[in-house]
Amino acid sequence: MKIAISGANGYIGAQVVKTLLTWGHKVIALDFQNTNLPPQAVFLPINVLESTPTIYQDMGRPDVFLHLAWKDGFVHNSPAHLEQLSAHARLLRHLLEGGLKQLAVMGTMHEVGYHEGAVDENTPCRPISQYGIAKNALRGSSCLLARDHQAVWQWLRAFYIYGNDIKSHSVFTKILQAAQAGKQTFPFTSGKNKYDFIPVQKLAEQIAAAVVQSEVNGIINCCSGRPVSLAAQVNQFIEENHLSIKLDYGAFPERPYDSPAIWGNADKINQIMNRENRKKTGLL
């Protein structure tokens, strides 16, 4: 398949590009710069938020467009989220009007807002950050646009992402930075809140598997499907990366808008991954 990816040079995008190339697909990588991408990707330095009606033709009419580009994704109340919302919607409209038949867009559990328990495609969304509000609005808009143009629509809702490098801007990144600075302790919450954690490499595989098929669509949770306490996950991360730093529990209070326990229903992504595994083993 020929798959175009916006934000391809980013933390998640670069991993998705590498995964798709490894699986034998052609990737058109769209971003401002190319510092993380393998040479097999076709790199186009296009600012997708300044799209024109011919952008779909200009990128070679891909089979799928995966929209990952988003400014300030780790700054949840940045003004950029709502300021750029119309540009995201315009891009998706231009693609669909140009003839795109399958649209996949990166979502976030932050569009759900405060919720206790498993999140599925029917869970009501009440976002409580500018990031969540903007993503939730794009979810509704892109769904309607895809339906109006009879295109496959996939909303890939990610949960808590982590990796073993300093590019994720998460608590895991901050712990790595503190350890590299020689600090012995890291100020922490109680660590009791439970979330759905997924390594960025596994997230990339789930995203890649989702977009190379069209039978399973709509809202797809990219997740593990398991609630794990923040303390347990962080301590595992410290152990896996052989860090000597210790957590200073209770130094910070829990944020009032963080759920005691929230995780994704993984039924759809498990169906997709099982199908991809059968393809690899020649059973499909």
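The legends below describe several views of one predicted model.

Local features are described only where pLDDT is at least 70, and side-chain atom pairs only at pLDDT 80 or more, whereas totals for chains, interfaces and linings use all residues. Residues are numbered from 1 along each chain as its sequence is written, and side-chain values use heavy atoms, with hydrogens and water left out.

**View 1. The whole chain, with nine helices and 15 strands.**
Helices (H or I, at least four residues) and strands (E, at least two) are DSSP runs, numbered from the N terminus. The C-alpha trace spans about 55 × 40 × 40 Å along its principal axes. The radius of gyration is 19 Å, close to the 19 Å that the globule rule gives for 284 residues, so the chain is as compact as a globular protein of that length. This radius is taken over C-alpha atoms, and the globule rule is 2.2 Å times the number of residues to the power 0.38. Of the 284 residues, 51% count as buried. Buried means under 20% relative accessible area, exposed means over 50%, and partly exposed lies in between (1.4 Å probe, protein chains only). The chain exposes about 13,200 Å², and carbon and sulfur atoms supply 51% of this area. Accessible areas come from the Shrake-Rupley method with a 1.4 Å probe; for residues, only the protein chains shown count as cover. Among contacts (heavy atoms within 4.5 Å) between residues at least 6 apart in sequence, 75% join residues at least 24 apart.

**View 2. The salt bridge between Glu111 and Arg139.**
A salt bridge is a side-chain nitrogen of Lys or Arg within 4 Å of a carboxyl oxygen of Asp or Glu. The structure holds six of them. In this one, the distance from N to O is 3.5 Å. Glu111 sits in the loop between strand 5 (102–108) and strand 6 (117–119), and Arg139 in helix 5 (residues 130–148), so that distant parts of the chain, 28 residues apart, are linked. Are the two partners buried or exposed? Glu111 is buried at 0% relative accessibility, and Arg139 is buried at 18%. Glu111, Arg139 and Arg157 are joined into one network by salt bridges that share partners.

**View 3. The salt bridge between Lys268 and Glu121.**
Here the N to O distance is 2.9 Å. Lys268 lies in helix 9 (residues 267–280) and Glu121 in the loop between strand 6 and helix 5, so the pair ties together parts that are 147 residues apart in sequence. Lys268 is buried, with a relative accessible area of 19%, while Glu121 is partly exposed at 40%.

**View 4. The salt bridge between Glu215 and Arg275.**
The N to O distance for this pair is 3.7 Å. Glu215 is in the loop between helix 7 (200–211) and strand 12 (218–222), and Arg275 is in helix 9; the pair links distant parts of the chain, 60 residues apart. Glu215 is exposed, with a relative accessible area of 52%. Arg275, at 29%, is partly exposed.

**View 5. The surroundings of Val112, in the loop between strand 5 and strand 6.**
Val112 is buried, at 1% relative accessibility. Which residues does Val112 touch, not counting residues up to four places away in sequence? They are Val119, Thr123, Pro124, Cys125, Arg126, Pro127 and Arg157. The C-alpha atom of Val112 is separated by 34 Å from that of Leu243, 131 residues apart from Val112 along the chain.

**View 6. A nonpolar surface patch formed by Tyr114, Ile128 and Tyr257.**
Together these residues have about 300 Å² of accessible area. Patches are made of residues with over 30% relative accessible area and no salt bridge; like charges are joined within 9 Å, and nonpolar side chains (Val, Leu, Ile, Met, Phe, Trp, Tyr) within 5 Å. Ile128 is in the loop between strand 6 and helix 5, and is partly exposed at 46% relative accessible area.

**View 7. Cysteines Cys143 and Cys222.**
A disulfide is a covalent bond between the sulfur atoms of two cysteines. The rule used here is a pair of cysteine sulfur atoms within 2.5 Å, and the count comes to zero. Why is there no bond at Cys143? The closest cysteine sulfur to that of Cys143 is in Cys125, 12 Å away, which is too far. For Cys222 the closest cysteine sulfur is in Cys223, at 7.4 Å, also too far for a bond. Cys143 is partly exposed at 31% relative accessibility, whereas Cys222 is buried at 0%.
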